[in-house]
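Q: Hey, could you walk me through this structure? I'm new to this, so please keep it plain.

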Amino acid sequence: MSDITNPHIKTRSTPQWGTYQRENFQKVNQGQVPLFNTNPKKLEERAKEKLSEGGWYYASSNAGMSNTHLANRQSFYRHRIIPNQLVDTNDRDTTTEIFGHRVSAPIGFAPIGINKIYHPAGEAAVSKIAGELNLPYCLSTAGSTSIEKVAQANGKGPRFYQLYMPHDDELTLSLINRAWNAGFDALILTTDTWQLGWRHDDVATSNYAFYRGFGADLGLTDPVFRKRCVEDGIDPDKDVVAASTKWIDSVWHGRAWSWEKIPWLMEQWKKISGGRPFAIKGIQSVKDAKKCVELGVDGIVVSNHAGRQVDGAVASLDALEAIASAVGDKIYVMFDSGVRGASDVAKALALGAKFVFVGRLWIWGLSIMGEDGVRHVMKSLLADFDILMAVGGFNSVKDFEKDSLESGPKSYSLIPEKTL
């Protein structure tokens, strides 16, 4: 654990995140206990106890038989970190840079919709903790708190906006203008969710918050969308169910965009933001990654939506390895899907990601204990990462390279108990 009198605490360029371990060990001496166990398996079990059936299904459901989710986790197991001994890691640096922001670690808050399903404080609580820890926060277009309120809670950021692009250019421009004006200074377009994947539990229980009038706050606070409601004879203040249904049908549900639309969106964002970064999330093939490079996209998020969209798809970590090898020197490569701890972050970095987003971990924390739960989960993850670097002999996030891993073949058996 970290000695709080360690002189290196004052010379490090990053906080001694590992002292959070000491804080938790000291709780018993103060007549307290740690908030809850952050082991991902126990986190998941505790969240299930706290949530309604609908909340649990929406948090945990995956596409089809959940085989992509399984593959995501199994892909991490075939890579093993090779620790380095007798390396002076006393002044190790966990920080990195993303889109011009120096942040605490190569870890960000993935965009996840309708956070108020999990806790009434919703996205505002999550974005507050992101700002507090100096980790990037990414707001989903499917969020249940307005762009402006999320920005206010986040403070100085950094924060990015994830777009589900409507088939209404005026509405798209309204959303990205609002995001820019609220201090979201990178735009990330998600391309794998033109429609929800088939998720058995949600379908079987009619579990869809938007069709119940819940979670459409970004639309209900948008002037263009409110105008569209009036044009259709909907009063968005009185008939929230109809308005919420129209909102989510406007941004998802069966109407796909193609590559031909990307130059227009990128041009509009660059014009609005004065040239700030534009990225695409959902990339799983080298071909698509090369297309992003060809179009001048600034970054990609290698992601399969945590297995929630295409069942039986390639593991996102396997996709990352191939994509980073092909275009890692030409575009800013980010990663998400299946991350459950610091070693997963380290493995993704070693395989070519420059930055890693996490989702379900903080969702479970939010579900268990709101703002305090998110803080506990993310400070624990930072401590885990800091300590891994200390004992593994890594002084910088740049030290995680492919030769930091021993990697087995891509041969996966069906082991359901390994689907954390």
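Q: Leaving aside neighbours within four places in sequence, which residues is Asp-318 in contact with?
A: Asp-318 is in contact with Ser-75, Arg-78, Lys-410 and Tyr-412. Contact here means heavy atoms within 4.5 Å. One thing up front: this is a predicted model, where local features need pLDDT of at least 70, side-chain atom pairs count only at pLDDT 80 or more, and totals for chains, interfaces and linings use all residues. Residues are numbered from 1 along each chain as its sequence is written, and side-chain values use heavy atoms, with hydrogens and water left out.

Q: OK. Where does Asp-318 lie?
A: Asp-318 is part of helix α15. Helices (H or I, at least four residues) and strands (E, at least two) are DSSP runs, numbered from the N terminus.

Q: And is Asp-318 buried or exposed?
A: Buried, with a relative accessible area of 6%. The cut-offs: buried is under 20% relative accessible area, exposed is over 50%, and partly exposed is in between, using a 1.4 Å probe and protein chains only.

Q: How far apart in space are Asp-318 and Gln-152?
A: 38 Å, C-alpha to C-alpha, with their positions 166 residues apart in sequence. Compare Gln-74 and Ala-315: these are 241 residues apart along the chain, yet their C-alpha atoms are separated by 8.2 Å. Gln-74 belongs to helix α5 (residues 67–77).

Q: New topic. Which residues does UniProt list as "binding site"?
A: The unreviewed UniProt entry puts that feature at Tyr-58, Tyr-164, Arg-199, His-305 and Arg-308. In the model, the lining of the largest cavity takes in Tyr-58, Tyr-164, Arg-199, His-305 and Arg-308 from this set. UniProt positions use the numbering here, feature names are shortened, and annotations may be inferred rather than shown by experiment. A cavity is a set of points, on a 1 Å grid over the protein atoms alone, where a 1.4 Å probe fits but cannot get out, and lining residues have an atom within 4 Å of a point.

Q: What does Tyr-58 touch, not counting residues up to four places away in sequence?
A: Its partners include Arg-199, Trp-252 and Arg-308. Tyr-58 sits in helix α4 (residues 53–60) and is buried, at 8% relative accessible area.

Q: Where's Arg-199, then?
A: Arg-199 is in the loop between β7 (187–190) and α9 (200–204). Arg-199 is buried too, at 4%, and its contacts include Tyr-58, Ser-61 and Arg-308.

Q: Which residue does the "active site" annotation cover?
A: His-305, according to the unreviewed UniProt entry. You'll find His-305 in the loop between β9 (299–302) and α15 (316–327). His-305 is buried, with a relative accessible area of 15%, and among the residues it touches are Tyr-164, Asp-192 and Lys-281.

Q: Switching again: where does α17 bend?
A: At Met-369, by about 140°. That bend is the angle between axes fitted to the seven residues ending there and the seven starting there. Helix α17 (residues 360–392) spans only 26 Å between its end C-alpha atoms, while a straight helix of 33 residues would span 48 Å at 1.5 Å a residue. The expected span is 1.5 Å times one less than the number of residues.

Q: Why is α17 described as largely enclosed by the rest of the structure?
A: Because 25 of its 33 residues are buried.

Q: Last one: how many disulfides?
A: Zero, where a disulfide is a pair of cysteine sulfur atoms within 2.5 Å. Take Cys-292: its sulfur is 16 Å from the closest cysteine sulfur, in Cys-138, so that's too far for a bond.

Note on methods:
On a 1 Å grid over the protein atoms alone, a cavity is a set of points where a 1.4 Å probe fits but cannot get out, and a pocket is an open set with protein on both sides within 12 Å along at least five of seven lines; lining residues have an atom within 4 Å of a point.
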